[in-house]
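Here are some short exercises for you to try with the model open in your viewer. Each one comes with a worked solution.

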Amino acid sequence: MSWRSLALSTAVLAVLAPLAASGEPLEVPSPVTSQVRLQIGPSSWVNEPTTLSHVPDNLPAPDPGFVIEVTVKNAAGSPWPYAKVYVVYSAAAVQALCWCSEQSHLWGDLSGGRRAFWAQAGASGVVEIRVNAGGCLQAPAVCDIRASDASGVSPNTAVVLRYYNAVNSPDMIGPGGIVCDRAVDLRDLAAYAAVHLGMSPYTVCADFNGDGAVGLADLQIYAVHHLRAAACN
Ligand SMILES: [Ca+2]
Ligand SMILES: [Ca+2]
């Protein structure tokens, strides 16, 4: 083997090493290296696990206050420029949530009654997505975030980066006890406060940071939307 071919082989091995380590191919987005975080307040972010696993909840709101930031990377940890990122809701979520008629991003309904929102990352593989809706639902894999390369034409063939077992929103309730009404107002404050103060049992619908308890951190998240009277049609 010549020095040149040896150097080339070494370079190829260096490139393939992350592939061997993670077991993931380099030509698809990686749920291990890709990053997802949620902006749950004006300057408050929650980092989600960096491995493919369910995370506590996904947070839509009637206003575009909650930001889902996704950084798409391949198995070697290199940013994936111009990746397409989708937020996909199950048919059960489509039925249960109160959707705003105007959305921050392009969206469409998929087979089986699912709904997908999508946006395209920039050159650094980073994209922010907001979903405008109210309501709450806890169910296995009720929502997921997935990504494909720029040529991807369908979320069905995209790689799932994260999935969620709950979707909740500060729009917890509506008139007459319906589960949501696309507005965050005194009804929602009363519903939230009852759980916070222990007058109603724990519900994931009031656990906005998904830590298994309802407390001041959740109140802070709720208050952001209540104070701006978040609402949509
Ligand atoms: Ca409401
Ligand atoms: Ca909580």
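Let's begin at the end of a helix: α4 is followed by A229, which has a positive phi, near 50°. Helices here are DSSP runs of H or I with at least four residues, strands are E runs of at least two, and both are numbered from the N terminus. This is a predicted model, in which local features need pLDDT of at least 70, side-chain atom pairs count only at pLDDT 80 or more, and totals for chains, interfaces and linings use all residues. Residues are numbered from 1 along each chain as its sequence is written, while chains are lettered from A and ligands numbered from 1 in the order in which they are written.

**Exercise 1.** Check the length of helix α4 (residues 216-227) against its expected span.

*Solution.*
- The expected span is 1.5 Å times one less than the number of residues.
- For the twelve residues of α4 this should come to 16 Å, and the end C-alpha atoms are 16 Å apart, so the two agree.

**Exercise 2.** Work out how the buried residues of α4 are arranged around its axis.

*Solution.*
- Count C-beta atoms, placed from the backbone, within 10 Å of a residue's own: 20 or more others make it buried, 12 or fewer exposed, and anything in between partly exposed.
- By this count D218, I221, Y222, V224 and H225 are the buried residues of α4.
- Looking down the axis, take the directions from the axis to the C-beta atoms; those of the buried residues fall within an arc of 145°, so they line one face of α4.
- The face turned away from the buried side carries the exposed residues L216 and L227.

**Exercise 3.** Decide whether N209 is buried or exposed.

*Solution.*
- Find N209 in the loop between α3 (186-196) and α4.
- N209 counts as buried because it has 20 C-beta neighbours inside 10 Å.
- As a distance check, the C-alpha atoms of N209 and L219 are separated by 9.8 Å, with these positions ten residues apart along the chain.

**Exercise 4.** Locate the largest nonpolar core relative to the two domains.

*Solution.*
- Join buried Ala, Val, Leu, Ile, Met, Phe, Trp, Tyr and Cys residues through C-beta atoms within 7 Å.
- The largest such core has 55 residues, of which V70, V85, Y86, V87, L97, C143 and V167 touch the most other members.
- Domain 1 (35-167) and domain 2 (175-227), with bounds from an automatic or database assignment, both give residues to this core, so it lies between them.
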